[in-house]
Amino acid sequence: MTRATARRRRTASALMALALAGGASTAALTLAAPAYADSWRDKEYWLAESGITKAWDVSKGAGVKVAVIDSGVDGRHPDLGGVLAGGADISGAGKANGQGSIGAKPEHGTLVATMLAGRGHQPPEATPKPSASATGSAAGPAVGPAVGPEGVVGVAPEAQLLSVSTWLGSANPGGKSDQDQIPEAVRWAVDNGARVINISLGSTSPEWPQSWDAAFLYAEQKDVVIVAAAGNRVGGNVQVGAPATIPGVLTVAGLDRTGAASIDSSSQGISIGVAAPAEDLVGGVPGGGYADWAGTSGATPIVSGVAALIRSKWPEMSASQVINRIVTTAKDAGAPGKDPLYGFGVLNAEAALKADVPETKVNPLGSISDWIRVHRRGNLATTAPAAESAPSSAAPTLPEATVPVAEKPSQLDSAVPAAVVLGFGSLLVGIIVAAAFQLRAAMRTPPQDGPEGPEGPGRAEPEAVNPVDSSKPS
């Protein structure tokens, strides 16, 4: 098995934890009958504590479509009357309109949807009432859909939802893997008018398949805000996992009831953008009931709802500026500045809608376009399809990395250096051998005494020298 193949299998295995990582938040799910639905409204503490009720003075999300990529949304829930504006099933195992509750956590999508854009409902046999706030009191002119006094009201009660159902967390009878479903769901949402995409799903791996690159780049180039859950420690996500690690995605961490980082309901990582309530949450479940739940799966629609409020107030504002508004107006928490537990800080919806925030063209959480250029080394011109095309799935846009094949050195390249070395070596050996012969010959040749022999005139005898006796005085 090659290293690349093993890596892909590990990533695929980790991605199969999708919905379990984001949906493990429902492990302590407490179901209840729809009776006394107003008591559930009273539990929505985050509406006031996160500044959402004051943000409603400015916007309630009218005119904005938010896609919920999840386990399907039950549009028949009384708090979602008139909220759904379309949908699709990506798994191949759900209802065509995306309203079938499927996967390992079938209630998950409806919980998310009601927290994001629930409108409550009227009590039985009651006459319709004007638009009201979370407490049932009047909240400005009766513009947009009426908000009932009972049941769950979402952060953006006048927004519309697109339900994009996926089967995650267990074997999909529809045959599509999570790696195929996620990019296809993102593309469908973008092509069908979503201005915000909520992904309350996570994985145990910070890496994502290369096949996801093109879909998230497509959303970035179409100016869509993507909000994703950081994941939950109790579900095995000690660190943030994909898709919340993808540059440009607004990643949401979780807070406990005191406003501190949740021990069970939040992982940590450098990609976290903002933190929002993640414990003691409530939401609607399929069949018209309600449930207590917890996790960054619930914190994410709170932030997605605020993004919808901003996009409704300023329709021309870029996705980068929407995200910048949310993170720069957050209340700093933890270590000063950005940190891996709270990101830029705790969500402050009122400031995000009312504060003066300098404009920026740069997403403070990065860009998938830049990341692809650096890490995939691909040609970006080939990654984004034309606006009118709506492919059913995202094929890998960049080739697999390859390793150059080693080639045998050329004989011609090594011939010249070898000849030079051998030539100099032979010359040196020859010099040494010649010198040795000359020295040996010189040692064997006797001295020449002249033509007359040793006593002949040819040799001059040295003069005798008397040694000086140094023991005598001079």
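Here a biologist asks a modeller how the labels on this predicted model are earned.

Biologist: Let's start wide. What makes up the protein chain in terms of helices and strands, and how much of the chain counts as buried?

Modeller: The protein chain has 13 helices and 12 strands. Of its 474 residues, 49% count as buried. The accessible surface comes to about 22,500 Å², and 57% of that belongs to carbon and sulfur atoms.

Biologist: How do you know how confident the predictor is in the protein chain?

Modeller: Look at pLDDT, which runs from 0 to 100. The mean for the protein chain is 80, and 68% of the residues reach 70 or more. Over residues 19-28, though, the pLDDT is below 50, and that stretch has 37 contacts in the model beyond near neighbours in sequence. Residues 449-474 also stay under 50, and there the model has four contacts beyond four places in sequence.

Biologist: Okay, on to Gln321. Why is Gln321 called buried?

Modeller: Buried means under 20% relative accessible area. Gln321 has 4% relative accessibility, so the label fits. You'll find Gln321 in helix H10, which covers residues 319-328.

Biologist: What makes the link between the Gln321 side chain and Pro358 a polar contact?

Modeller: The cut-off for a pair of N or O atoms is 3.5 Å. The side chain of Gln321 reaches the backbone oxygen of Pro358 at 3.4 Å, so by that cut-off the pair counts as a polar contact. In sequence, Gln321 and Pro358 are 37 residues apart, while their C-alpha atoms are 9.0 Å apart in space. Leaving aside neighbours within four places in sequence, Gln321 is in contact with Val357, Pro358, Glu359 and Thr360.

Biologist: Now the sheet of seven strands. In what order do its strands come?

Modeller: The order is S3-S6-S2-S7-S8-S9-S10, with parallel pairing, and the sheet is open.

Biologist: Why are strands S3 and S10 called edge strands?

Modeller: Strand S3 (84-89) and strand S10 (272-277) each pair on one side only. On average, neighbouring strands of this sheet are turned by 25° against each other, direction ignored. Helix H6 (residues 108-117) packs on the sheet and touches S2, strand S6 (160-165) and S7. The direction of H6 makes about 160° with that of S2.

Biologist: How do you know that S2 and S7 really pair?

Modeller: Pairing needs at least two bridges. Strand S2 (residues 65-70) and strand S7 (residues 196-199) have three bridges, in the parallel sense, so they pass. One match to look for is Val68 with its bridge partner Asn198 in S7. On to S8: four bridges join S7 to S8, again running parallel. There, Ile199 has Ala228 in S8 as its bridge partner.

Biologist: What makes S8 mostly covered?

Modeller: Five of its five residues are buried. Val225, Val227 and Ala229 sit on one side, with Ile226 and Ala228 on the other, and both faces are covered. That split fits a general pattern: in a regular strand the side chains alternate between the two faces of the sheet.

Biologist: Why is helix H8 described as largely enclosed?

Modeller: Seven of the nine residues of H8 (residues 213-221) are buried, so the rest of the structure largely encloses this helix. The buried ones are Asp213, Ala214, Ala215, Phe216, Leu217, Tyr218 and Ala219. Their cover includes helix H7 (178-191), S7, strand S8 (225-229) and helix H12 (368-376). Just after H8, Asp223 takes a positive phi of about 65°.

Biologist: And strand S12: why does S12 get the description "largely enclosed"?

Modeller: Four of the five residues of S12 (residues 289-293) are buried, so the rest of the structure largely encloses S12 as well.

Biologist: In which sense do S11 and S12 pair, parallel or antiparallel?

Modeller: Strand S11 (residues 281-285) and S12 pair in the antiparallel sense, over five bridges. Val285 stands opposite Gly289 in S12. Their hairpin has three residues between the strands, and Gly287 takes a positive phi near 100° in that hairpin.

Conventions
Residues are numbered from 1 along each chain as its sequence is written. Side-chain values use heavy atoms; hydrogens and water are left out. Helices (H or I, at least four residues) and strands (E, at least two) are DSSP runs, numbered from the N terminus. Buried means under 20% relative accessible area, exposed over 50%, partly exposed in between (1.4 Å probe, protein chains only). A polar contact is a pair of N or O atoms within 3.5 Å; within protein, one must be able to donate a hydrogen and the other to accept it, and residues adjacent in sequence count only if both atoms are side-chain atoms. Contact means heavy atoms within 4.5 Å. Axes are lines fitted to C-alpha atoms, for helices over the stretch in contact, and angles run from 0 to 180 degrees between N-to-C directions. Accessible areas come from the Shrake-Rupley method with a 1.4 Å probe; for residues, only the protein chains shown count as cover.
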